[in-house]
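Ready for a few short exercises with the coordinates open beside you? Try each task yourself before reading the solution below it.

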Amino acid sequence: MINSNLSGVEKRLKKYLNRDVPSARATATNKALAKAKTAVVRVVAVKVGVKVKQLKPRVYISRAKAGQKPKGAKLHFYRRGVALISLGAKQVDGGVVAGSYVVPDAFIADGSKGFGRGKLKQAHVLRRKGRGQYPLEVISVNIKSAVNELTPKTVSKIMRADFTRLYTHEIKRRASRA
């Protein structure tokens, strides 16, 4: 009787150590990183002066996995500039205004004056690079420096604050299952 109970407990402990603990760690990591994703997007949006809606699609998480081939989680942020036209750009005398950004000598090219009609897939804020008609440059808001500066700080802050609590919760939940 005691031997059969002992072997059952031993089997459960092995299962707990080999499967439940690593999967609890992976789940806690994924949940904490999901919170960090939201926080990073908000912090960068405030710093750069762009709406959160513009940055949300640029961030994704490759999730942590447990099991035979464990894998850590990663937060990916596409850091290319946000086009100024997506901030609600308006043509004013001497340039273009979009949010808190003012670009002198810029113009909105949308094909409305007959030039480029049918060729432009989307309107853009453009500025001439030289004195001639061409070349033109698309004006965008640089988010790279803000992302590089704020992402590590924000992620480590959220992980310090939430990971231990989430990990403990997952361990207890898995232990109480049987």
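**Exercise 1: A pair of strands and their sheet**

F107 stands opposite L126 in β8. The model is a predicted one, so please read each value below as computed from it.

Task: Find how many bridges pair β7 with β8, and in which sense, then work out which strands stand at the edges of their sheet.

Solution.
- Step 1. Strand β8 covers residues 124–128, and its pairing with β7 is antiparallel, over 4 bridges.
- Step 2. Widen the view: β7-β8-β9 is the order of an open sheet of 3 strands, again with antiparallel pairing.
- Step 3. The edges are β7 (106–109) and β9 (136–138), each of which pairs on one side only.
- Step 4. From one strand to the next, the twist averages 40°.

**Exercise 2: The sheet with two hairpins**

Task: For the sheet with the order β4-β5-β6, determine which glycines take a positive phi in its hairpins.

Solution.
- Step 1. This open sheet has 3 strands with antiparallel pairing. Its edges are β4 (90–92) and β6 (101–104); each has a single partner strand, so one side of each lacks a neighbour in the sheet.
- Step 2. On average, neighbouring strands here are turned by 25° against each other, direction ignored.
- Step 3. Between β4 and β5 (residues 95–98) there are 3 bridges, and Q91 has V96 in β5 as its bridge partner. The hairpin of these strands has 2 residues between them, and G94 takes a positive phi near 85°.
- Step 4. Between β5 and β6 there are 4 bridges, in the antiparallel sense, and V97 has V102 in β6 as its bridge partner. This hairpin has 2 residues between the strands too, with G99 at a positive phi near 60°.

The glycines asked for are G94 and G99.

**Exercise 3: Aromatic pairs**

Task: Classify the ring pair Y60 and Y78, and the ring pair F163 and Y167, as stacked or tilted.

Solution.
- Step 1. The count to expect is 2 aromatic pairs.
- Step 2. For Y60 and Y78, the ring centres are 5.9 Å apart and the planes stand at 45°, so this pair is tilted. The pair links distant parts of the chain: Y60 is in strand β1 (residues 59–62), while Y78 is in the loop between β2 (74–77) and β3 (82–83), 18 residues apart.
- Step 3. Check the surroundings: Y60 is partly exposed at 36% relative accessibility, and Y78 is partly exposed at 43%.
- Step 4. F163 and Y167 have 5.5 Å from centre to centre and 10° between the planes, and the pair is stacked. Both residues lie in helix α3 (residues 144–175), 4 residues apart, which is about one turn of the helix.
- Step 5. F163 counts as partly exposed at 21% relative accessibility, and Y167 counts as partly exposed at 24%.

**Exercise 4: Salt bridges between and within helices**

Task: Decide which parts of the chain are tied together by the salt bridges D162 with K35 and E149 with K47, then place the salt bridge of R173 and E170.

Solution.
- Step 1. Start from the idea behind the search: side chains of opposite charge can pair when their charged atoms come close. The count for this model is 8 salt bridges.
- Step 2. D162 forms a salt bridge with K35, with 3.6 Å between the closest N and O atoms. Because D162 lies in helix α3 and K35 in helix α1 (residues 2–48), the pair ties together parts 127 residues apart in sequence.
- Step 3. Compare the partners: D162 is buried, with a relative accessible area of 13%, whereas K35 is partly exposed, at 43%.
- Step 4. E149 and K47 meet in a salt bridge at 3.5 Å, N to O. E149 is in helix α3 and K47 in helix α1, so this pair ties together parts 102 residues apart in sequence. E149 is partly exposed, with a relative accessible area of 35%.
- Step 5. R173 and E170 meet in a salt bridge at 3.1 Å, N to O. They are 3 residues apart in helix α3, or about one helical turn.
- Step 6. E170 is buried, with a relative accessible area of 2%, while R173 is partly exposed, at 37%. Both belong to a network of salt bridges that links K31, E170, R173 and R174.

Technical notes:
Residues are numbered from 1 along each chain as its sequence is written. This is a predicted model: local features need pLDDT of at least 70, side-chain atom pairs count only at pLDDT 80 or more; totals for chains, interfaces and linings use all residues. Side-chain values use heavy atoms; hydrogens and water are left out. Two strands pair if DSSP finds at least two bridges between them. Axes are lines fitted to C-alpha atoms, for helices over the stretch in contact, and angles run from 0 to 180 degrees between N-to-C directions. Rings of Phe, Tyr and Trp (its six-membered ring) pair if their centres lie within 6.5 Å; planes under 30 degrees apart count as stacked, over 60 as edge-to-face and the rest as tilted. Buried means under 20% relative accessible area, exposed over 50%, partly exposed in between (1.4 Å probe, protein chains only). A salt bridge is a side-chain nitrogen of Lys or Arg within 4 Å of a carboxyl oxygen of Asp or Glu.
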